[in-house]
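Work through the exercises below with the sequence and the 3D structure open beside you. Try each task before you read its solution.

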Amino acid sequence: MQALYPGSFDPLTLGHLDVIERGSNLFNQLVVAVLRNPSKNPCFSVEERLEQIRRATSHLPNVQVAAFDGLTADFAQACGAGVILRGLRALSDFEYELQIAHTNKSLAPQLETLFLATATTHSFLSSSVVKEVARFGGNVGHMVPTGVAEDLARLFNQSSP
Ligand code: ADP
């Protein structure tokens, strides 16, 4: 079975990577898909984010990386995925995620959404927190893959951690 893990990944964190690694064990193929959504005013371009994910998942042969726009349910169907994979960190994620899952179910009834509970070590991690810490020169080495830490250092004009 094939699954789709959609998101902004601006940038990829170790929390995302944990979901990807566990998802790749559950499914034959996992497509990690970056949503092209300029209204979110991203720090990294879609191409940079694709490259970050490619580098961090090069050890996972059944993981593919893609970009998409439009509806997630349409893209899932276009790439033959029967499952949308999402991560849950806390109760605060739940309401939004459940609403999206119900919306996708109403658009494509055969499509299932599967939630993976975050690893406890990553429960505080979000792309926004990572950007905030990096912006003010904090160490993000334990929050993101090495390549992303280097990209953040470059972006905020500091020396590499
Ligand atoms: P979106 O803008 O679609 O929410 P994100 O990149 O913020 O994109 O998140 C993509 C998915 O990864 C979401 O399901 C989110 O809940 C999940 N996620 C984000 N951070 C973590 C984490 N630390 N642990 C587990 N799941 C996470």
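**Exercise 1.** Find which polar side-chain atoms lie by nitrogen atoms of the ligand in this predicted model, and state how far away they are.

*Solution.* Begin with Thr-118, which has a polar side-chain atom 3.0 Å from a nitrogen atom of the ligand. Then turn to Arg-89, where a polar side-chain atom lies 3.3 Å from a nitrogen atom of the ligand. A polar contact is counted when a pair of N or O atoms lies within 3.5 Å, and the distances for Thr-118 and Arg-89 can be checked against that cut-off. An oxygen atom of the ligand has a partner as well, since a polar side-chain atom of Lys-40 lies 2.6 Å from it.

**Exercise 2.** Determine how much of the ligand the protein covers, and describe the residues and elements that surround the ligand.

*Solution.* On its own the ligand has 550 Å² of accessible area, and the protein covers 90% of this. The space that the ligand takes is the largest pocket. Around the ligand there are 17 residues, and the closest are Tyr-5, Ser-8, Lys-40, Gly-87 and His-122. Sorted by class, this shell holds 5 nonpolar, 7 polar and 5 charged residues. Two or more shell residues come from each of the strands E1 (2-7) and E4 (83-88), and likewise from each of the helices H1 (14-26) and H4 (91-107).

**Exercise 3.** Examine the loop between E1 and H1, asking what is notable about the backbone at Phe-9 and at the peptide bond from Asp-10 to Pro-11, and which salt bridge Asp-10 forms.

*Solution.* Take Phe-9 to start with: this residue of the loop between E1 and H1 has a positive phi of about 50°, although it is not a glycine. Next, follow the chain to the peptide bond from Asp-10 to Pro-11, which is cis, with omega near 0°; Pro-11 also belongs to the loop between E1 and H1. Finally, look at the side chain of Asp-10, which meets that of Arg-49 in a salt bridge of 3.9 Å, N to O. Because Asp-10 lies in the loop between E1 and H1 while Arg-49 lies in helix H2 (residues 46-56), the pair ties together parts that are 39 residues apart in sequence. In the whole structure, a search finds 11 salt bridges.

Note on methods: Residues are numbered from 1 along each chain as its sequence is written. This is a predicted model: local features need pLDDT of at least 70, side-chain atom pairs count only at pLDDT 80 or more; totals for chains, interfaces and linings use all residues. Side-chain values use heavy atoms; hydrogens and water are left out. A residue is near a molecule or strand if one of its heavy atoms lies within 4 Å of it. A polar contact is a pair of N or O atoms within 3.5 Å; within protein, one must be able to donate a hydrogen and the other to accept it, and residues adjacent in sequence count only if both atoms are side-chain atoms. Accessible areas come from the Shrake-Rupley method with a 1.4 Å probe; for residues, only the protein chains shown count as cover. On a 1 Å grid over the protein atoms alone, a cavity is a set of points where a 1.4 Å probe fits but cannot get out, and a pocket is an open set with protein on both sides within 12 Å along at least five of seven lines; lining residues have an atom within 4 Å of a point. A molecule sits in a cavity or pocket if more than half of its atoms lie within 2 Å of its grid points. Helices (H or I, at least four residues) and strands (E, at least two) are DSSP runs, numbered from the N terminus. Ala, Val, Leu, Ile, Met, Phe, Trp, Tyr, Cys and Pro count as nonpolar, Asp, Glu, Lys and Arg as charged, and the others, Gly among them, as polar. A salt bridge is a side-chain nitrogen of Lys or Arg within 4 Å of a carboxyl oxygen of Asp or Glu.
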